[in-house]
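Student: I have a structure in front of me that I do not know yet. Could we go through it slowly, with the reason behind each term?

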Amino acid sequence: MEKVQVDVEYCGLCNYESQCSELRDVVLKLVPDAEVQCRKGRQGSFEVQINEKSVHSKLSSMAFPNFSDVAKNAKKAAAGEDLGHVRHQPITDCVLQ
């Protein structure tokens, strides 16, 4: 099994830290040895990379990734397989001020 690094840049201003924690839990449930790093970044961001390959960009899609799809891709990365498509999930708690 290959080492898996999942990096998530999230918007601290938008309070996306809880979504990042939830994503971490979903990934670690499927790939317990994965390293999942959540870090505050650009406004509006929720950017996900697996082993330095971008698998989702909220800045481009205006949606969160399907967490299960991200976890399945982390499992593929651990097996040395090519990463697949990550579906979007709608943003349901967005409040503009």
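Tutor: Let us start with Asp69, which lies in helix α3, and please keep in mind that this is a predicted model.

Student: Why is Asp69 called buried rather than exposed?

Tutor: The relative accessibility of Asp69 is 7%, and since buried means under 20% relative accessible area, Asp69 counts as buried. When residues up to four places away in sequence are not counted, Asp69 touches His85, Val86 and Arg87.

Student: What makes Val36 buried, and which residues is it in contact with?

Tutor: Val36, a residue of strand β2, which covers residues 35-40, has a relative accessible area of 15%, and because the limit for buried is under 20%, Val36 is buried. Leaving aside neighbours within four places in sequence, Val36 is in contact with Val6, Arg24, Val27 and Leu28. The C-alpha atoms of Val36 and Arg87, by comparison, are separated by 20 Å, with their positions 51 residues apart along the chain.

Student: Cys38 is placed in strand β2 as well; why is Cys38 called partly exposed?

Tutor: Its relative accessible area is 22%, and because partly exposed covers what is in between under 20% and over 50%, Cys38 is partly exposed. Not counting residues up to four places away in sequence, Cys38 touches Val8, Tyr10, Cys20, Ser21 and Arg24. The C-alpha atoms of Cys38 and Cys11, which are 27 residues apart along the chain, are separated by 10 Å.

Student: How do you know that Asn15 and Met62 are exposed?

Tutor: Exposed means over 50% relative accessible area. Asn15, in the loop between β1 and α1, has 54% and is therefore exposed, while Met62, in the loop between α2 (58-61) and β5 (64-65), has 58% and is therefore exposed too.

Student: What makes the phi of Asn15 worth pointing out?

Tutor: Most residues other than glycine have a negative phi. Asn15 has a positive phi of about 65° although it is not a glycine, and Met62, also not a glycine, has a positive phi of about 60°.

Student: Which residues of the largest nonpolar core touch the most other members, and which elements give two or more residues to this core?

Tutor: The core has 25 residues, and those that touch the most other members are Val4, Val6, Leu23, Val27, Phe46, Val48 and Ile50. The elements that give two or more residues are β1 (5-10), α1 (17-30), β3 (46-50) and α3 (67-78), and the largest share, six residues, comes from α3.

Student: Why are α1 and α3 called oblique to each other?

Tutor: Their axes come within 9 Å and cross at roughly 45°. Angles under 35 degrees count as roughly parallel and those from 65 to 115 as roughly perpendicular, and because roughly 45° falls in neither range, α1 and α3 are oblique to each other. Their crossing is right-handed.

Student: Which residues of α1 and α3 meet there, and how many of them are nonpolar?

Tutor: From α1 come Gln19, Glu22, Leu23, Val26, Val27 and Leu30, and these meet Phe67, Ser68, Val70, Ala71, Lys72, Ala74 and Lys75 in α3. By class, this contact has eight nonpolar, two polar and three charged residues.

Definitions and conventions: Residues are numbered from 1 along each chain as its sequence is written. This is a predicted model: local features need pLDDT of at least 70, side-chain atom pairs count only at pLDDT 80 or more; totals for chains, interfaces and linings use all residues. Side-chain values use heavy atoms; hydrogens and water are left out. A nonpolar core is a set of buried Ala, Val, Leu, Ile, Met, Phe, Trp, Tyr and Cys residues joined through side-chain atoms within 4.5 Å. Buried means under 20% relative accessible area, exposed over 50%, partly exposed in between (1.4 Å probe, protein chains only). Helices (H or I, at least four residues) and strands (E, at least two) are DSSP runs, numbered from the N terminus. Axes are lines fitted to C-alpha atoms, for helices over the stretch in contact, and angles run from 0 to 180 degrees between N-to-C directions. Angles under 35 degrees count as roughly parallel, over 145 as roughly antiparallel, 65 to 115 as roughly perpendicular and the rest as oblique. A crossing is left-handed if the near helix is turned anticlockwise from the far one by less than a right angle, and right-handed if clockwise. Contact means heavy atoms within 4.5 Å. Ala, Val, Leu, Ile, Met, Phe, Trp, Tyr, Cys and Pro count as nonpolar, Asp, Glu, Lys and Arg as charged, and the others, Gly among them, as polar.
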